[in-house]
Amino acid sequence: MREVGISLDVRSAFGRELKRRVDDYFTSRGLPRHGGRTIARKAVVLLVWLALSWGGMLVAGAGFGAGAGVALLFGLSAGLAMAGIGMAVQHDGGHGAFAGTPQGNRRAAGLFDLLGASSHVWRVKHGHVHHTYTNIVGVDDDISLEPLARIAPGQRRRAFHRLQHLYMWPLYGLLGLKWWLYDDFRQVLRGRVGEAKLTRPRGAEAWRFWGMKVVHGLWALVIPALVVGWLPALAFYLAAQFVMGLVASVVFQLAHCVEEAEFIVPSQRAAVLRLDFYAHQVQTTVDFAPQSRALSWLVGGLNFQIEHHLFPRISHVHYPALAPIVRATCEAHGIPYKVHDSLAAALRSHYRWLRRLGRGDVEVEAPAGAPAVAG
């Protein structure tokens, strides 16, 4: 990590009561904390959805001579399925919440490799760094889009950022391609994710890292090109990647990069930044559209990001039931529980946040020896 020390208190009164209330919920109902049959059925549906989109494109192109336009439509469908697999299956597996066994969780987490990204890098970048140091500028690598965008106070502002509230939306769709072709290789070769150490994959892990990069390219691009031709194959692949990247990126941004979320900019002169871990997760995270069952199904409950950040090892299938418990506990301890009632409201807040940051309307000057917080 950075030279500024970060001390996280995981035994605060708020944290203890929150865990007790959630423990009581599961104990009184005799429920497992993993996803059980509910998430297993969802995984099957999403994988079949992806297979039908991919297979339909091949049949339409090879059997009926359909061109790039039809392939693009199948790609849009495949992209939604891939986004669902990443957020509703892989995400739970990577956090150990998909199944009741390590093997089941590893299989679910490994689907990230099938989608072109590295589950090895994700464990450090997202599972450790982002979930531990959420919205701490210069530490949380998930809020670093520099130099393309300024999405947090304390980051350098460039002249072209004045238009980031317009140009970033299509760029979000490049996330999957960026993972597959650039980010994972750069971070593995550097041996770091931001300022956090990343152990280079070795043995079976290395075979998975390099081999699955090839496997992804084969099933998603090369085989379609051999069957239907390069133009329809590219239309299918780029459409799928764009939709997956756009959905995954926006879901993250709506939870952390909106006007209501807090950011911490550590002072370079601060010896130690002390935080209540559980309060920090609530303060830097915002829920959205909690009443939308369809959205929650597709995005793996990540519209309940507060609940996820507090209890990442609990499957997302439980988040709607946990949300009232978390909210009541926050209110009892005077900690604001922030939520956008609709998807549209969250999108507007992110748009305004990008515009404010790009224009320099949000600036933070950290006082000597203390963190600065903005939101």
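The predicted model of the protein contains 15 helices and eight strands. For a chain of 375 residues, a compact globule would be expected to have a radius of gyration near 21 Å, and the value of 21 Å computed for the protein agrees with this. Along the principal axes, the C-alpha atoms occupy a box of roughly 65 × 55 × 45 Å. Of the 375 residues, 53% are buried. When contacts between residues at least 6 apart in sequence are considered, 74% of them link residues at least 24 apart.

The exposed surface of the protein amounts to about 16,400 Å², of which 61% is supplied by carbon and sulfur atoms. The side chains include 40 that are positive and 26 that are negative, and 4 Å separates the centres of the two sets.

Strands β1 (residues 5-9) and β5 run parallel and are joined by five bridges. Within this pairing, Asp9 stands opposite Asp276 of β5. In a regular strand, side chains alternate between the two faces of the sheet. Strand β5 (residues 272-276) shows such an alternation. Leu273 and Leu275 are directed to one face and are buried, whereas Val272, Arg274 and Asp276 are directed to the other face and are not buried.

Two aspartate residues illustrate buried positions in separate elements. Asp113 belongs to helix α5 (residues 111-114). Its relative accessible area is 3%, below the 20% limit, so Asp113 is classed as buried. Beyond residues up to four places away in sequence, Asp113 touches Ser118, Ser119, Arg208, Met212 and His216. The C-alpha atoms of Asp113 and Cys330 are 37 Å apart in space, and these residues are 217 positions apart in sequence.

Asp141, in turn, is located in the loop between α6 (119-132) and α7 (164-172). With a relative accessible area of 14%, Asp141 is likewise buried. Excluding neighbours within four places in sequence, the contacts of Asp141 are with Lys125, Val129, Gln187, Val193 and Gly194. Lys125 and Val129 fall within the residue range of α6.

The loop between α6 and α7 also holds Asn135 and Pro147. Asn135 is not a glycine, yet it has a positive phi of about 60°. The relative accessible area of Asn135 is 0%, and this residue is therefore buried. The peptide bond that leads from Glu146 to Pro147 is cis, with omega near 5°.

A positive phi, of about 45°, is also found at Ala289, which is not a glycine either. Ala289 is situated in the loop between β6 (287-288) and α12 (293-298). At a relative accessibility of 4%, Ala289 counts as buried.

Helix α10 (residues 230-256) includes Ala239. This alanine has a relative accessible area of 9% and is accordingly buried. Apart from neighbours within four places in sequence, Ala239 is in contact with Leu72, Gly75 and Leu76. The C-alpha atoms of Ala239 and Phe112 lie 18 Å from each other, with the two positions 127 residues apart along the chain.

Key: Residues are numbered from 1 along each chain as its sequence is written. This is a predicted model: local features need pLDDT of at least 70, side-chain atom pairs count only at pLDDT 80 or more; totals for chains, interfaces and linings use all residues. Side-chain values use heavy atoms; hydrogens and water are left out. Helices (H or I, at least four residues) and strands (E, at least two) are DSSP runs, numbered from the N terminus. The radius of gyration is taken over C-alpha atoms; the globule rule is 2.2 Å times the number of residues to the power 0.38. Buried means under 20% relative accessible area, exposed over 50%, partly exposed in between (1.4 Å probe, protein chains only). Contact means heavy atoms within 4.5 Å. Accessible areas come from the Shrake-Rupley method with a 1.4 Å probe; for residues, only the protein chains shown count as cover. Lys and Arg count as positive and Asp and Glu as negative; His and the chain ends are not counted. The place of a charge is taken as NZ of Lys, CZ of Arg, CG of Asp or CD of Glu. Two strands pair if DSSP finds at least two bridges between them.
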